[in-house]
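Colleague: Before we begin, I should like to ask how the terms used for this structure are justified. Please set each value against its definition.

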Amino acid sequence: MSALAGTGTLLRFALRRDRLLVPVWVAVNTLMVLSMPSTLEGIYSTPADRARLLRQMDANASFRALIGPVFDDSLGALTAWRVGVFAGLIAAVTSLLVVVRHTRDEEESGRQELVASGAVGRRASLTAALLAAAVANGVLALLVTAGLAGQGAAGAAALGLGLAGVGMLFATMAAIVAQLTESARAARGLTSAALGCAFVLRAAGDSAADDGSAAPTWLSPLGWLENLRPFAGERWWVLALFAGAAAAQGAVAYLLAGRRDVGMSFLPARPGPATGRLGTAAALAWRLQRGAVAGWSAGFLLAGVVYGGLTDGVADLVGDNDRARQIFERMGGRSGLTDAFLASMAGMLGLIAALYVVGSVLRLHGEETSGRAEPVLANAVGRLRWAAGHLMTAFGGSALIMLLAGAGLALGHGRDVLPLLGACLVQLPAIWVVGASAVLLYGTAPRLAPAAWGVAGAILLIGWIGPALDAPRAVMDLSPFAHLPKLPGGGMRWTPVLLLLTAAAALTTAGLAALRRRDMTT
């Protein structure tokens, strides 16, 4: 039997399973990119404005570290500069999630062993997972190329292919890590850590050089994306770096996949017994999720320091540009520009924290579908106690990372810590509403639980590009974050905060009530 037998069937099954996750994240990424030309045209409407932006970015190492260097003053080049790094990050995250879900997740749950008992080749599952990621990245490349063709066909194709290249590079990296680790959680964590290192390397290189030529930039796939230079004299040979790296990593993944048994790994989990106290469901939930909490906490503290350090340069970057000032005011309130920028950054961190809380809540779904919840619930542990342990980690962890984000903002900006702690902590009611919606979906319709990622993605999209597009108030109000007070600088309004907390409590209660009544997955 061929090693690839059954690949087509497994690919169709993978695409069916991802019919909610992948389209939502591809749509979020595409809309973020395609919305930029009109936004930038409104902000920098004249060649003089765009030329001044180039001069300011050349002199501002902090903003280059965050966004990257800008190579040309055309709208296409400015679009690639403004969203290229972030679109690459989203493509990478989407790809690694898809590959890990259809490889290590399947093995960990035991479903892969059942599939392998049929007429399925040894490498069919890995091939189907990589092809599913390729489909997602291919659709992203086509949409970006078609949407930006009016800015220049060559530049649009370069940006689309570059984003797909980043996605496939991290897809094949995830395929390798899935062979090395014994758990899907570790595979996602290690690949995400590699993505974080790629961002840090690019940021370090871009802060040192304004043309993307620094050595750390070239060590990062995100640095390759910016050095592809879409709309600014495309360097097509850079695509060969993506193709070569993805092919090499894919070959290693196939080699490893042929040398291990299903369910096993090259780096087995550390044997027990576990140290410390695991006498309660809450302690077990904390043990399972503490690595994720630590990683998010470190990331948010670092992000707060970076954003805080950018604050002093925002006035120079905005200058007398009324359009840019209005966008910051829509995101952060009509206070001074510095306070508006800090409020907008706190809001952005809150939007990202919503992704953490959804992932943490959906750990319940993973424990149930993998069969690990069953032996826990077979003891003197009720469903509500079991779920409450994970929800305490989810909601409490979100409070911790936002607290550290506020401390980071204060440390980076060098101002009083209390106002910035308040600005970050006031995001929690909206974050908890998003998490509570995940609880409701999991409790009432566990098969639809992954749709919580779609909810989080839609809210992220509204909060990210809605202010730049001056979206209608009715659209902005769909996001719980739109109802929060804009701190620091704005007045504290308790009514929306209390209403959001009430909504979060009601959704969580409804989800837990449904969980208590329904059958568990078998």
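**Cavities, a helix and one residue**

Modeller: This is a predicted model, and the structure holds three cavities of 30 Å³ or more.

Colleague: What makes a space a cavity rather than a pocket?

Modeller: A 1.4 Å probe fits in a cavity but cannot get out, whereas a pocket is open. The largest cavity holds about 150 Å³ of space, and the second largest about 50 Å³.

Colleague: Which residues line the largest cavity, and which lie nearest its centre?

Modeller: Its lining has 17 residues, and Pro69, Ala80, Trp81, Glu226 and Pro230 are the ones nearest the centre. To count as lining, a residue must have an atom within 4 Å of a cavity point. Helix 6 (75–102) and helix 13 (221–227) each supply at least two of the lining residues. Helix 6 gives the most, with five residues.

Colleague: How is the lining of the largest cavity divided by class?

Modeller: There are 12 nonpolar, two polar and three charged residues. Trp and Pro count as nonpolar and Glu as charged.

Colleague: How do you know which classes are found in the lining of the second largest cavity?

Modeller: The residues can be sorted by name. Among those lining the second largest cavity are Trp25, Val26, Asn29, Thr94 and Leu140. Trp, Val and Leu count as nonpolar, while Asn and Thr, being outside the nonpolar and charged lists, count as polar. Over the full lining, the classes come to six nonpolar, four polar and no charged residues. Helix 2 (21–34), helix 6 and helix 9 (124–148) each supply at least two residues there, and helix 6 has the largest share, four residues.

Colleague: Why is helix 22 called mostly covered?

Modeller: Buried means under 20% relative accessible area, and 13 of the 17 residues of helix 22 are buried. Helix 22 (residues 428–444) reaches 24 Å from its first C-alpha to its last, close to the 24 Å expected at 1.5 Å a residue.

Colleague: Why is Leu34 called partly exposed?

Modeller: Leu34, which is found in helix 2, has a relative accessible area of 30%. Buried would require under 20% and exposed over 50%. The value lies in between, so Leu34 is partly exposed.

Colleague: What does Leu34 touch, leaving aside residues up to four places away in sequence?

Modeller: Leu34 touches Leu143, Val144, Gly147 and Leu148; contact means heavy atoms within 4.5 Å. In addition, Leu34 and Thr79 are 45 residues apart in sequence and 8.4 Å apart in space, C-alpha to C-alpha.

Methods: Residues numbered from 1 in each chain as written. Predicted model: local features only at pLDDT ≥ 70, side-chain atom pairs only at ≥ 80, totals over all residues. Heavy atoms only, no water. 1 Å grid on protein atoms, 1.4 Å probe; cavity = no way out; pocket = protein on both sides within 12 Å on 5 of 7 lines; lining within 4 Å. Points joined across faces, edges and corners; volume = space filled by probe spheres on them. Expected span 1.5 Å × (residues − 1). Buried < 20%, exposed > 50% of the residue type's maximum accessible area, 1.4 Å probe, protein only.
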